[in-house]
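This report describes a single chain, going from individual positions to the chain as a whole. The sequence and the structure are shown first.

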Amino acid sequence: MSNPPDGLLISDTSFSATYTSYNLYFFDPQFRTLVPDPIYLPIDGQTASALLQALLRGPTDALRPAVATAFPRTSLNSVPVVDGIAQISLGRQAASLKDEQLSQMSAQIAWTLGQIDDSTPKGFRLTANGSMLQVPGQIGKGDSAYVPIGYGAQFGPIPERTSDDLLAVQDKAVVTVRADGSQTTPLAGALGRKGPSIDSLAVAGDAKTVAVVTDNQHLLRSQSAGANSTRTLLYNQQSLLRPDYTRFNELWAVSGSPEHQVVRVFRGNSTKPTIVPAPWLAKERLVNFQISPDGTRMAVIAQVGDHDVLAIAPIIRGDTVRLGDLHVIDLADSDSTQVQQLADLGWISATRLLILGAASEGASFEPYGVEIDGSQFERVGTSDNWGATSLATSVDRSGAYHAVVSGRNAKSWLYRSGDQWSLLPGSLSSAAYPG
């Protein structure tokens, strides 16, 4: 439900029987990628109309500062589906749109309508003020032309993967691990040779550019593809967290004492970071973070007082970059084991996280999947006394994902969607996937 009335109470069972989860799709402010925005709609057979009405109303409050829409302010009639084609009739404001905006608007529509189970239309036609709109790339001509439901694939919220291989630390050097764990080879370049102890690492989407935190979380260094030396990006820091690359050729880093943490972002090949304002850091201590595949949300584990919280902050990009308000994911409402302690997190879809959580202080950390709106929370596979400390995840456009948990004695375990956790050979720690 995108806009529930105040004071509405409904049981979990009744809600699940009456409402279904969908994503609306908006753009990042530079119109480079689509960003999913989860909502709930009634199960009443009017899904296409309800989804497009919600799309025209705009994003939910939590995401609103971080996204844009190609839709003009316009009206929308009901959306009948005739012979598999959704008939979308917009107001006169849409009649004079340029090709680029029409393409962007159509991508939002296609991705939003493409998730209707069992009755997904094969395409749609757009009219404005009674006249048919000509969308670049539509199929057919004249009155029979339509926009296919697969339109806008290039804007998908999950970027194309360049490699399934894993990077990890072995004997103070970075190694590449084949996707199935069967072979390990030193990374080409300086980081593939034994050096200072590596606390954590991140790999860019090209699978070649690597950032490492070393020297007891004091230094941040990076290596471009195969380079024989590294660049020092940050030095003399306190408590550098594991960094993270985004699809926008950015490297994010967080460091500082609990009361004075600073978020920084390096853009492109620059060695001079931009400080990213995050007002909530004055009250919460960041323990770990990961940026979403679409680059528009930061998922965080934060310590508030004496307890851990899982939360999402929108990344608001414009002339500057800043982090919006934290939106806490309430894990206590789940029917599953209630998680009180959190160790690590990673994205396993555009709207879903894998977390390492423990039921109490001193208990073992186990993997759980959780939707960012808190709607689903479930155990993922069965662990085997891991002593888990860190997590790496890899998202695929097909909906599949890989995950690696690292634990005591430099042991790591691999998981593939729907499979079981399996022990990787050799001693590996600080695992990371590209992207």
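## Surroundings of Ser200

Ser200 is in contact with Ala211, Val212, Val213, Leu241, Arg242, Pro243 and Ser430, leaving aside its neighbours within four places in sequence. The residue belongs to strand E11, which covers residues 198-203. Ser200 has a relative accessible area of 10%, and because the limit for burial is under 20%, Ser200 counts as buried. The model is a predicted one, and the values in this report are computed from it.

## The chain as a whole

The chain has 3 helices and 32 strands. For 435 residues, a compact globule would have a radius of gyration near 22 Å, and the 23 Å of the chain agrees with this. The C-alpha trace spans about 70 × 50 × 45 Å along its principal axes.

Of the 435 residues, 51% count as buried. The accessible surface of the chain is about 19600 Å², and carbon and sulfur atoms account for 46% of it. Among contacts between residues at least 6 apart in sequence, 49% join residues at least 24 apart. The side chains include 33 positive and 41 negative ones, and the centres of these two sets are 9 Å apart.

## Hairpin E1-E2 and helix H2

Strands E1 (19-27) and E2 (34-42) pair in the antiparallel sense over 9 bridges. One pair of bridge partners is Phe26 and Val35, the latter in E2. The two strands form a hairpin with 6 residues between them, and Phe31 in the turn has a positive phi of about 55°. Most residues other than glycine have a negative phi. E2 is largely enclosed by the rest of the structure, because 8 of its 9 residues are buried.

Which elements do the buried residues of H2 pack against? They pack against strands E1, E2 and E4 (85-90), and against helix H3 (99-113). H2 covers residues 47-57, and its buried residues are Thr47, Ala48, Ser49, Leu51, Leu52, Ala54 and Leu55. After H2 comes Gly58, with a positive phi near 105°.

## Strand E4: Gln87 and Ser89

Gln87 is in strand E4, and so is Ser89. In a regular strand the side chains alternate between the two faces of the sheet. Gln87 has a relative accessible area of 23% and is partly exposed. Ser89, at 22% relative accessibility, also counts as partly exposed.

Not counting residues up to four places away in sequence, Gln87 touches Ser78, Val79, Pro80, Val82 and Arg125. With the corresponding neighbours within four places left aside, Ser89 is in contact with Ser75, Leu76, Asn77 and Thr127. Two C-alpha distances place these residues with respect to other parts of the chain. Gln87 and Tyr146 are 59 residues apart in sequence and 9.4 Å apart in space. Ser89 and Glu259 are 170 residues apart in sequence and 54 Å apart in space.

## Loop residues with positive phi

Where is Asp83 placed? Asp83 is in the loop between strand E3 (81-82) and E4. Asp83 is not a glycine, yet its phi is positive, about 55°. Its relative accessible area is 71%, and because the limit for exposure is over 50%, Asp83 counts as exposed.

Asn236 lies in the loop between strand E14 (231-234) and strand E15 (244-246). Asn236 is not a glycine either, and its phi is positive at about 55°. At 68% relative accessibility, Asn236 counts as exposed.

## Hairpin E24-E25

How many residues of strand E24 are buried? E24 covers residues 341-347, and 6 of its 7 residues are buried, so the strand is mostly covered.

E24 is joined to strand E25 (residues 352-358) by 6 bridges, and the two strands run antiparallel. Within this pairing, Leu342 stands opposite Gly357 in E25. E24 and E25 form a hairpin with 4 residues between them.

Methods
Residues numbered from 1 in each chain as written. Predicted model: local features only at pLDDT ≥ 70, side-chain atom pairs only at ≥ 80, totals over all residues. Heavy atoms only, no water. Rg over C-alpha atoms; globule rule 2.2 N^0.38 Å. Buried < 20%, exposed > 50% of the residue type's maximum accessible area, 1.4 Å probe, protein only. Contact = heavy atoms within 4.5 Å. Areas by Shrake-Rupley, 256 points an atom, 1.4 Å probe, with all protein chains shown as cover. Lys, Arg positive; Asp, Glu negative; His and termini not counted. Charge placed at Lys NZ, Arg CZ, Asp CG, Glu CD. Pairing = 2+ DSSP bridges.
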